[in-house]
Every structure is written in structure tokens, then in C-alpha cells.
Protein chains: 2
Amino acid sequence: MGTQAWLRLDFPPHSYEYGVGEGVLASLGPKLSQLVRSTGAVVVADETVAALPVAVAVEASLEGVGFVPTRIVVPPGESSKSLATAERVWDRFAQAGLGADGVVVAVGGGVVGDLAGFCAATWMRGVALVHVPTTLLAMCDSSVGGKTAIDLPCGKNLVGAFHQPRLVVAEINALDSLPDREYRSGFAEIVKCALLLSRAELARLRAAAPRMRLGERADLLAAIDLAVRVKAEHVRDDVLDRNDRRALLNLGHTVAHAIETESGYVAYLHGEAVAVGLVVAARVAEARGLCAADLVAELEQTLAAFGLVSALPGGLAPRSVVDRTRMDKKRRGTRRRMVLPHARGGAGVYDVQDAELLAALTA
Amino acid sequence: MGTQAWLRLDFPPHSYEYGVGEGVLASLGPKLSQLVRSTGAVVVADETVAALPVAVAVEASLEGVGFVPTRIVVPPGESSKSLATAERVWDRFAQAGLGADGVVVAVGGGVVGDLAGFCAATWMRGVALVHVPTTLLAMCDSSVGGKTAIDLPCGKNLVGAFHQPRLVVAEINALDSLPDREYRSGFAEIVKCALLLSRAELARLRAAAPRMRLGERADLLAAIDLAVRVKAEHVRDDVLDRNDRRALLNLGHTVAHAIETESGYVAYLHGEAVAVGLVVAARVAEARGLCAADLVAELEQTLAAFGLVSALPGGLAPRSVVDRTRMDKKRRGTRRRMVLPHARGGAGVYDVQDAELLAALTA
């Protein structure tokens, strides 16, 4: 694999290219100019990313082919995924004269992708969207699949839309600017994707971990490529999240969301919570005989290779995490449904009782 | 034609039934229970409609098959198509425990249909929507085609989504509660649809006008049926409003929107503005030789039969209306594009110059 890879993601009736690698940003403008007629574009970024070279490179690539981009900067952090920020973004769309044939370029992590994606999905009932993910998590997860959302005071992601991007450009060099803790936490979703594929993929990923922690490009590119393929494959069969196919991507997330909610979304990064959730799911699967007895240990070693801890964070009561998982969106009535890994790779959705979840959380 | 008609509207991948007639509301619950699994439902209406028998009939029909509807009441008027009202509606969705498998039933005119439709389109990335239009305009126009929207301070319908309903139930008896002026104005869209079909349809509609003004059910049912079929046929080929097919439904609307904007949306009902716009479009077409010389007179007579005036309202300067039409969404760059009627029925989209539009406005 070279220093760039371009995948075509097909979610009928939508189809778009996903580019990842070093210097892929140079292709943003030329590719986009083939996709949209207008020269109207807005670039949405948070204050942190707006100050980085990646924001300049995005605008230069757009201007190079005749786009006249307007920059819209929002405050960093989850609090920007709000209706108040969305309203400010829409107002800026209007000021910029963004028409129905214009394009919104979201540059940043999951927050900006979700916010700008939702604003694009609803502006004049939907304008073209391009994702330029700058975090490992956004490259592997939120920029693929078309989910956009904002939070309400009463819950995360309650208001949103499915809106597939027209193009995704993941510039690996942007990862150099990430704080180490955020960088490492992004690997939890990649570990999840490898686990969904096979034990062999998990082993390969673990072997490459030391090189990736140092930013080795070829390994990183292969890992992102793997995660995007796994996600795309699951999304393709269930674009609107209506059956259990896309739900398999929720492996590790029932417990992860409970940890995030219980800890007020501040103490743990999403990937750190997912790491714990993956191990808990594997423990439940192991107790049921769904997977081999040594999967838990192998998973813990893989996560540790990325500096990710798999024990329930101190200060969180296992009982309250168990209670919180009942609110999971996969629930059916009062039944808790969790994704559990299988022996030969892959996973399934199962009803899980309080007692077995509690046992896995306190193991 | 009996006292009820059920049409199937196909907008692939979406397909739904549209029922119109006397007593169709009794079918709402039974039909809906075939479409959704959940018993969670919210009914959105404005204060005026919430006090009418139609609101009670909707809830009775839902409760009769086991739904447990929560009523959400918003203030009447266009000002409710706002982000602030949408936020209150979403909060009520959360309080009502509306899940991804729940249903939103919008009972009212275009404002409530657009508002509740947008809230449904974006709640958990899209939940089932049912329209129960209670105005003639909503029955013929806004409940068909899947457009939902709210207004921003800087413009109408700027934020929205395409979201097809699962079912539309148009209870003709609800029209008895409409103020006469609003009832009459609803016929402008029906006149437009007849004009898009043929001169013969226009003549038939004119002949039936006196009976319809008295609320004659069979004629009303036929007129609504005609308008819905014409709208559905144009939407089908252009669901996302991307080519000129759906644009033909904009016949009369370039000037109508300019009149509404120039008069601050208070002096003229939408249908009253459309009546003027239809005649102006016919005058431009006549001057170009696109349609017969007597179409304008026939159109004026038809509109008059519904008590609709076709002259530009006093107090509005023709020049300012001409200027305002340049903001129309069909524009391409600086070119004003208008829908003009053809001699044999149907219409086309044409570039129209200031001078010819001004001449038509002052004729």
C-alpha cells in the first residue's frame, strides 16, 4: 500500500470516495470541483483546528480550483453540538450566501463533523457535505456512515439526520497535532473493527501497535483502511440503522455509553470508555461460551499496546453502570440487548441479564 | 366517486396512502397500526386546531387501536415555524418518551405540518410521520411531497428536510371550521394544478366552483384528488427538487413569494398571492405567444369564481415586486427563471426579463 489509499464507499443511492494518507488534502479541491457546480463553499472548524495547518491546506486546495470558501469557527468541545451553535452556523451560511448548490466542508473531529453535518443536512433541505476528519476517531468512525446529530439538554444525539458526505479526505499528517491521549484513544474503534473481523486481524493490529504509536504512516494507513472497510460493510446493509446489522458496530458501546453518561462525559474520552466496554462484552461472551476463553486476555493485551486501560474506572460503581445500560438505544422494552463477540470473528446481538453484566464488570 | 378516496403515492423508495373524504379519520388508527410497531405517538396541533373536533377524532382513532398519544400544542401562526418552537416540540418528544419506533401525527395547516414534519424528520434521525391536513391548502399542497421546514429570522424555509409521511388523512369535514377567506384562498393551488393539466380541467373546475364554495363534498373530493395527483406526478420524477420537473409546481409562485415578502407575510394569504402570480405568469406567456390569448381572461374568471382577486394588491409597487423576484430560488446567477403555462396544458421554465414581467404586473 502506498502513502495514499482511495476507497469507494457505496451506500445506495449514495456513493462517495474516501481518501486517506499523506498529502491527500491536495486532492480535495480538484475532486470536489468534479462533484459540485457551484463555487460557494463554507469551511466549518473549531478554534483549535482553525489554527492548524490542516485548515489552511483545506482552504488552499479549495481556492486552487476556484472555490471561494467562507470560514466558520465554533468553540471546541461537545458543548458546540448544540442547537444554539447550529443556529449560529445556519446564520453564517445565510451571510455567506450559501445556496442549494453550495458545499459545507467539515474540518475536525466528531463534534464538528456531527454539527456541520447536521447543519448541511438541513440547510435548504440538504446541501453537499465533505468531511475532513482530523482525529483518528473521526477518520475511522464518525466520517463514515452518514450519521449527523446535535445534543439536547435532555440527551445526546437526539436531533439529527442521515446525510451522506460527497467526499471524505482523511489527511494522516493532521494526526501529528493530536494530543497523545486523544490519539491513543482513537485506536479503541480500530481494535473493535479488527475484533469484528477475526482473531488474526486482532493479532496483526497488536503487532503493529508500537509502530503506530510512533506515527508510522504505512501501518496507520492500513489500520484506518481496515476500520473504514469494516464500518462501511456493516452500514451498507443497514444504512438507516433499522436492523441488527449496523448494531454490530455497537460492540463495546452499551457499557461505554453508560460509563460516559455516569461520569458526565468529562472524565473519559470516548475511546477510553469503548476499551472498557469491549473487554466487558468479551467477558460476557466468554462466560456464555460464545468465544474462546483467551479472547479477553488477548483483547486486554491489544488495548494495552495502545496505552488503553480495560478496567472499569475507579469511582464508578458497577451497579450504577449496570442500571444505566438499560437506557441503551438497542433495548427492546425492558430487555437489555448487547453486542457480544463470537469465536470465529463477528458478533451477534443478545439479551443480557443484570447478573451476568455485573459479573463481567467486577471481574 | 364515493365519499372517500384512497390514493397510493409512490416516491421510491417511499410509498404511502393518501385518504380524503368524509369520515376518513376513523381509518387513521387502524391503518397506522399496520405501519408501525410501537404504541408511542405524539399529536402536534396549534391552539386553534387543538380545540376543534378533528383533534378529538384523531386521538380517538389512535386510542381505539392501542396508541397512547401525547398531545403537543403550539401557538397558531407562521411564527411557530421557528427554531424556538422546534426546540420546545423536541423537548416534549423527550418527555413523552418518543422512541425511534414512535410516530408523530401533525394535525393542522401548513405551519404545523412543516414544523412537526421537521421535528419528526430530525428526532433520532427520523421517526414516522402522519399528516392530518385540516386546511384546503395543506390537503392539496404541503401534506404531499415530503418537504418540511422551519424559518430563520433571515429567511423562510431555510432549515428543513425531505421527510415523506407514512400516511396522509385529509378529513373533508375539517374544512367546515375554516374561516371563509382561508377556505377560498386554498383553491388557488387547485386552479394551478388544473391549469397544469389542461384548459378542459380549468373549465370543469370553474363550473364546479359555486357548489364547492358551499362545501359540496363530491366536488371537493374530486378537486383535492386532482390536485394531489398533479402534485404527486411532478414530485415523483424529482423528489429532491433537483431538476425542472418539480419546479413546474412553482407556477405562479415567483410573483406570489415576492408579494408575500414585500407585504411582510401579513396582508395576503398564500393562496391570494398565488392567484395574482398565476395571472401574471399567464400574461407573460400570452405576450410570448406560449399560450392562447384568452387564457388570461379564463384564468381570471376561474379565480373570481372562488372569490380570488387577480390584480396586484394596491400599495405594492410593481417595480419593487420585480426587484424582489430576483431572489427566487429558481434563479441561476442573475437570470430570473419563471414557470410559464403552455397552450395545450403543462408549463415550462423560462428566463424572463425585467421589462416583460413589469408589463405583465401593470397590465
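User: Buried means under 20% relative accessible area, exposed over 50%, and partly exposed in between, with a 1.4 Å probe and protein chains only. Which of these is A:Arg211?

Analyst: A:Arg211 is partly exposed, at 41% relative accessibility. This is a predicted model, where local features need pLDDT of at least 70 and side-chain atom pairs count only at pLDDT 80 or more, while totals for chains, interfaces and linings use all residues. Residues are numbered from 1 along each chain as its sequence is written, chains are lettered from A and ligands numbered from 1 in the order in which they are written, and side-chain values use heavy atoms, with hydrogens and water left out.

User: What does A:Arg211 form with A:Asp219?

Analyst: A salt bridge, with the closest N and O atoms 2.7 Å apart. The rule asks for a side-chain nitrogen of Lys or Arg within 4 Å of a carboxyl oxygen of Asp or Glu. A:Asp219 is buried, with a relative accessible area of 17%.

User: How many salt bridges are there over all chains?

Analyst: The search of the whole structure gives 60.

User: And how many across the interface of chain B and chain A?

Analyst: Zero salt bridges are found across that interface.

User: How many residues are in contact there, then?

Analyst: 24 residues of chain B touch 24 residues of chain A, contact being heavy atoms within 4.5 Å. About 2200 Å² is buried between the chains, and carbon and sulfur atoms give 62% of this area. Buried area is the accessible area (1.4 Å probe) that two parts lose on being put together, summed over both.

User: Which three residues supply more than any other three?

Analyst: B:Leu83, B:Arg125 and B:Leu158, with 31% of the area that chain B buries against chain A.

User: How are the copies related?

Analyst: A turn of 180 degrees and a shift of 0.0 Å along the axis lay chain B on chain A with an RMSD of 0.0 Å, so the two are related as by a two-fold rotation axis. The fit is by least squares on the C-alpha atoms of residues with pLDDT of at least 70 in both. The copies meet through the same surface, because 100% of the interface residues of chain B are also interface residues in chain A.

User: Back to salt bridges. What does B:Glu78 pair with?

Analyst: B:Lys156, with the closest N and O atoms 3.0 Å apart. B:Glu78 is in the loop between strand E4 (68-74) and helix H4 (83-95) of chain B, and B:Lys156 is in strand E8 (residues 155-162) of chain B, so the pair ties together parts 78 residues apart in sequence. Helices (H or I, at least four residues) and strands (E, at least two) are DSSP runs, numbered from the N terminus.

User: Where do B:Arg229 and B:Asp225 lie?

Analyst: In helix H10 (residues 217-236) of chain B, four residues apart, which is about one turn of the helix. They form a salt bridge, with the closest N and O atoms 2.7 Å apart. B:Asp225 is buried, at 7% relative accessibility, whereas B:Arg229 is partly exposed, at 48%.

User: New topic. Which residues of helix H1 of chain B are buried?

Analyst: In H1 (residues 28-35) of chain B, they are B:Leu28, B:Gly29 and B:Leu32. Their arc around the axis is only 85 degrees, which puts them on the same side of H1(B). The arc is that of the directions from the helix axis to the C-beta atoms.
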